[in-house]
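This report walks through selected features of one protein model for a reader who has not met it before. Please keep the sequence and the structure in view while reading.

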Amino acid sequence: MDTAIRQRPRVWSTVSVEPGRAFNFWVDVICAELIELEVRTGDPESFDAFLRQMQVGPIQLNHIYTREAQEVSRTRAAIGRNATLNFELVYVRSGGLRYTHYGKAFTVAENECVLIDSTEPYAFESAVGTSGTTLQIPQGWLRSWIARPEEGVATVIRDATPWGGAFLATLRALSTQPLEAIGPADLISEQVVSLLRLAMSPAVDGKRTEGAGRRFREILQLLRHWAHDETLNPDKVATLGGISKRSLHAQFSAANTTFSKELMSIRLERARRHLSDPLFSHIRVSDIGWRCGFVDASHFARKFTERFGASPSAYRRVTLPHGGAESSAIAPSVSDCRSQN
């Protein structure tokens with residue numbers, strides 16, 4: 001079953017650890033639950049820290065606090081042993097971090113963030129009482145939103161621009177609220193990467209993103225905009241994109257995928273998000289399928305189960321506190337929805 005179902009936070013703290021073992025306990029937790037690092041501190045005997053962690057869609061969200069200053073490094077040897085293909089988005093709530101990464105030296109101060117490539121070495125020093133949030137983002141998933149995220153790595157994002165300010169406000173909200181109240185996971189993860197792309201521009205959206213890759217992303221955006229239309233087909237998308245049908249299929253072939261596969265993926269992800277969103281809890285499962293472009297309820301149920309390992313109804317029962325209202329009097333029927341449109 002998809003990891004989005006298991007949205008329960010996990011917590012590790014040195015408070016309950018016996019004196020003298022707190023620092024070693026902390027290093028073990030970080031290496032096992034976050035990422036393999038080498039960590040040093042000047043006062044290991046009185047070390048105090050905590051980690052609160054939860055999966056938010058494809059993103060792993062981590063709230064971290066350390067009272068003592070640290071020197072931390074990610075080495076080539078560690079990468080060889082644990083080559084998790086993630087980007088780490090690091091937001092500082094209090095304190096500060098001094099980094100060396102991608103051949104750059106830079107400081108991340110309070111209410112600033114930076115994107116780090118975990119497949120390349122880095123080192124940082126933390127100030128006393130540093131707290132913040134790290135988001136571990138799968139590289140493949142982020143590249144489906146941002147063509148070349150590595151072009152924004154090691155560039156500190158500040159609130160000097162409107163989109164930088166909006167992005168940092170979102171990270172600040174994630175960093176200050178309890179994980180239990182984080183909200184719809186997929187909606188939050190998509191909001192984060194959408195704002196990240198805007199905040200990092202023009203670094204990741206310059207001339208090098210033009211050409212075939214850019215055209216393919218534009219086609220995918222058309223699919224996202226029109227996925228609710230049950231009659232959507234390659235002819236319609238080609239017309240909307242101002243290209244030939246043959247060129248359309250060539251774009252998908254070059255990306256090692258197909259029109260049907262990508263459209264199905266977009267519709268299923270949208271349905272999953274609606275099924276786990278309390279704002280849609282009064283909408284019947286079959287009507288959510290229709291809103292996402294599925295004409296036949298049984299076809300929707302079969303495809304959803306194949307993708308996520310649970311039927312739409314079962315997925316909703318697990319992800320929503322009250323399991324939704326399949327027979328609510330206020331739930332509009334498919335015919336009602338169509339008549340409203």
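A polar contact of 2.5 Å links the side chain of glutamine 136 with that of glutamine 60, where a polar contact is a pair of N or O atoms within 3.5 Å, one of which, within protein, must be able to donate a hydrogen and the other to accept it, and residues adjacent in sequence count only if both atoms are side-chain atoms. The model is predicted, so that local features need pLDDT of at least 70 and side-chain atom pairs count only at pLDDT 80 or more, while totals for chains, interfaces and linings use all residues. Residues are numbered from 1 along each chain as its sequence is written, and side-chain values use heavy atoms, with hydrogens and water left out.

**Glutamine 136 and its surroundings**

Glutamine 136 is found in strand S11; helices (H or I, at least four residues) and strands (E, at least two) are DSSP runs, numbered from the N terminus. With 6% relative accessibility, glutamine 136 counts as buried, a word that means under 20% relative accessible area, as against exposed at over 50% and partly exposed in between (1.4 Å probe, protein chains only). The side chain of glutamine 136 also reaches the backbone oxygen of leucine 34 at 3.0 Å. If neighbours within four places in sequence are left aside, the residues in contact with glutamine 136 (heavy atoms within 4.5 Å) include Leu34, Pro58, Gln60, Asn86 and Glu88.

**Two further buried strand residues**

Valine 56 has its place in strand S3, residues 49-56, and is buried at 3% relative accessibility. Apart from neighbours within four places in sequence, valine 56 touches Leu61, Ala185, Ile188 and Ser189. Its C-alpha atom is separated by 9.9 Å from that of proline 9, although the two residues are 47 residues apart along the chain. Serine 126, in strand S10 (residues 122-126), counts as buried at 7% relative accessibility, and its contacts beyond four places in sequence include Thr66, Gln70 and Leu97.

**Helices H4 and H11**

Which residues of H4 are buried? They are Gly164, Phe167, Leu168, Thr170, Leu171, Leu174 and Ser175. They cover an arc of only 155 degrees around the axis, and therefore lie on the same side of H4; the arc is that of the directions from the helix axis to the C-beta atoms. The buried residues of H4 pack against several elements, including strand S4 (59-66), strand S11 (130-138) and helix H5 (185-200). In H11, the residues Phe300, Phe304 and Phe308 are buried. Because they cover an arc of only 35 degrees around the axis, they are on the same side of H11. The packing partners of the buried residues of H11 are helix H9 (259-275), helix H10 (285-291) and helix H12 (312-319).

The table sets out the spans of these helices, for which the expected value is 1.5 Å times one less than the number of residues.

| Helix | Residues | Expected span | Distance between end C-alpha atoms |
|---|---|---|---|
| H4 | 162-176 (15 residues) | 21 Å | 21 Å |
| H11 | 297-308 (12 residues) | 16 Å | 16 Å |

Just after H11, glycine 309 takes a positive phi of about 75 degrees.

**Aromatic rings**

A search of the whole structure finds 14 aromatic pairs, in which rings of Phe, Tyr and Trp (its six-membered ring) have centres within 6.5 Å, and planes under 30 degrees apart count as stacked, over 60 as edge-to-face and the rest as tilted. One of them joins phenylalanine 252 and phenylalanine 259 in an edge-to-face arrangement, with 5.9 Å centre to centre and 80 degrees between the planes; both of these residues are buried. Another pair, phenylalanine 294 with phenylalanine 300, is tilted, at 5.0 Å centre to centre and 40 degrees between the planes. Phenylalanine 294 is buried at 5% relative accessibility, and phenylalanine 300 is buried at 1%. Phe294, Phe300, Phe304, Phe308 and Tyr315 make up one aromatic cluster.

**Unusual backbone angles**

Most residues other than glycine have a negative phi. Asparagine 111, in the loop between strand S8 (104-108) and S9, nevertheless has a positive phi of about 60 degrees. Alanine 154 has a positive phi of about 65 degrees, and lies in the loop between helix H3 (139-143) and H4, where alanine 154 counts as buried at 5% relative accessibility.
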